[in-house]
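The following exercises ask the reader to derive structural descriptions from a predicted model. Each task is followed by a solution in steps.

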Amino acid sequence: MESESPFGEFVDSVSGNIIGQEDTEAKLDVGECELPLIDLSHLNLGNPENEECQRKICEASTEWGFFQIVNHGVCQEIFSRIHCEQVELFRQPLQEKTNEKLLNLSSGCYQWERQTAATWKQFGWSEAFHIPVTTVSQLNESEDLRSSLEGFAMKASDLAQQIAEILAKNFGCESTFFSENCLPSSCYIRMNRYPTCPVSSKVFGLIPHTDSDFLTVLHQDQVGGLQLLKDGKWIRVKPNPDVLVINIGDLFQAWSNGVYKSVEHRVVANHENERFSLAYFFCPSHDTVIESCSSEPSIYRKFSFREYRQQVQEDVKTTGDKVGLSRFLNQA
């Protein structure tokens, strides 16, 4: 049974304006890659294993902006339970999904990509529940969902803090910046569903973008569809439900003065199989000031996270696209 969603309505509303538009690049031939794979259990060992593990994390963040981790401490049972609950949740009628009583959260919790899109390429064929971490305990739909998300959030937060500290240490910055500014109160979880798509040659599941955070911790199912831009070419990320995917966000790129890469990525639409994923976004408080920790001349000017989010939202509203860090280049 396919869930009710707003996508058909969107197709009806814009299809008359886009007849003859070329297919998205997503249908062009792209290569497949396996991201750097890092065994986090080596961090619990002595040297040289510990130092080598840290080196690999920094190297992958510099060269790829993406990497995979195993022995991450999140048991597969948690992901299995969350997946089952996701399926049931997204099967609800659209009216129920947009009702704040469904999860005992705000009505804006349920989102679908680019509701104001005017063209195929600005529209993402996906829907999501966007849940601030501190509100997970309020979920009233399912005890299994609440307890599983709490377990995932706790572990993902620990992982993000640990990785952030390693990346900071690489710059000689062993400070409390991340533990003081990236608290659960400013982080959030996003449960995603990518329905089967009858116009998969025209739209993306999620349009090309970078993440507006420090780090993202992602779990995806076996369907696949994630692609990233590497050396000017789009490549498919081979799905592996046993790993967590870590990617660098815009804030870490600015903080590291461009050393760690916030890489553009996207999800292609699929006309045969629906896809589910689960993400944890490691964000600072809105008042946190982002500035380069490097001794080199700064590429980006100082800005607060609030200012950055407001600029992104304004650009998406006025242009249909996120502009991102290029808005904050240092003109000096």
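The exercises below begin with the whole chain and proceed to helices, single residues and backbone geometry.

**Exercise 1. Overall description**

Task: State how many helices and strands the protein has, and what percentage of its residues count as buried.

Solution.
Step 1. The secondary structure comprises eight helices and 15 strands.
Step 2. The protein has 332 residues, of which 52% count as buried.
Step 3. Contacts between residues at least 6 apart in sequence can then be examined: 80% of them join residues at least 24 apart.

**Exercise 2. The packing of α2 with α5**

Task: Determine how helices α2 and α5 are oriented at their contact, and which residues make it.

Solution.
Step 1. Two packed helices are described by the angle between their axes and the distance between the axes.
Step 2. For α2 (residues 49–63) and α5 (residues 143–169), the angle is about 85 degrees and the axes are 10 Å apart.
Step 3. Angles of 65 to 115 degrees count as roughly perpendicular, so α2 is roughly perpendicular to α5.
Step 4. Helix α2 contributes Q54, I57, C58 and S61 to the contact, while α5 contributes I163, I166, L167 and K169.
Step 5. By class, the residues of this contact divide into five nonpolar, two polar and one charged.

**Exercise 3. The two sides of α8**

Task: Describe the length of helix α8, locate its buried residues around the axis, and identify what covers them.

Solution.
Step 1. Helix α8 spans residues 305–319, 15 residues in total, and reaches 21 Å from its first C-alpha to its last, close to the 21 Å expected at 1.5 Å a residue.
Step 2. Its buried residues are F305, Y308, V312 and D315.
Step 3. Viewed down the axis of α8, these buried residues fall within an arc of 95 degrees, and therefore line one face of the helix.
Step 4. The cover over the buried residues of α8 includes α7 (250–255) and β15 (303–304).
Step 5. On the face turned away from the buried side, α8 carries the exposed residues K317 and T318.
Step 6. The residue that follows α8 is G320, with a positive phi near 85 degrees.

**Exercise 4. The surroundings of I246**

Task: Decide whether I246 is buried or exposed, and find which residues it touches.

Solution.
Step 1. I246 belongs to strand β11 (residues 244–248).
Step 2. Buried means under 20% relative accessible area; I246 has 0% relative accessibility and therefore counts as buried.
Step 3. Setting aside residues up to four places away in sequence, I246 touches G65, F66, F67, I69, I163, L215, T216 and V217.
Step 4. One of these residues, I163, also takes part in the contact of α5 with α2.
Step 5. Another, T216, is 30 residues from I246 in sequence, with a C-alpha to C-alpha separation of 5.7 Å.

**Exercise 5. C33 and A168**

Task: For C33 and A168, give the relative accessible area and the contacts beyond four places in sequence.

Solution.
Step 1. C33 is located in strand β1 (residues 31–33); its relative accessible area is 10%, so C33 is buried.
Step 2. Its contacts beyond four places in sequence are W64, I235, R236, V237 and K238.
Step 3. C33 and Q227 are 194 residues apart along the chain, and their C-alpha atoms are separated by 9.3 Å.
Step 4. A168 is part of helix α5; with a relative accessible area of 3%, A168 is buried.
Step 5. Outside four places in sequence, A168 is in contact with C173, F178 and W255.
Step 6. The C-alpha atoms of A168 and C293 are 8.7 Å apart, although 125 residues separate the two along the chain.

**Exercise 6. Backbone geometry in the loops**

Task: Identify which residues a cis peptide bond joins, and establish where D231 and N257 are found.

Solution.
Step 1. Most residues other than glycine have a negative phi, and most peptide bonds are trans.
Step 2. N47 and P48 are joined by a cis peptide bond, with omega about 10 degrees; P48 lies in the loop between β2 (37–39) and α2.
Step 3. D231 has a positive phi, near 55 degrees, and is located in the loop between β9 (226–230) and β10 (233–237).
Step 4. With a relative accessible area of 69%, D231 is exposed.
Step 5. N257 also has a positive phi, near 60 degrees, and lies in the loop between α7 and β12 (265–268).
Step 6. N257 counts as buried, at 9% relative accessibility.

Definitions and conventions:
Residues numbered from 1 in each chain as written. Predicted model: local features only at pLDDT ≥ 70, side-chain atom pairs only at ≥ 80, totals over all residues. Heavy atoms only, no water. Axes fitted to C-alpha atoms, helices over the stretch in contact; angles between N-to-C directions. Helix = DSSP H or I, 4+ residues; strand = E, 2+ residues; numbered from the N terminus. Parallel < 35°, antiparallel > 145°, perpendicular 65-115°, else oblique. Contact = heavy atoms within 4.5 Å. Nonpolar A, V, L, I, M, F, W, Y, C, P; charged D, E, K, R; others polar. Expected span 1.5 Å × (residues − 1). Buried < 20%, exposed > 50% of the residue type's maximum accessible area, 1.4 Å probe, protein only. Arc of directions from axis to C-beta.
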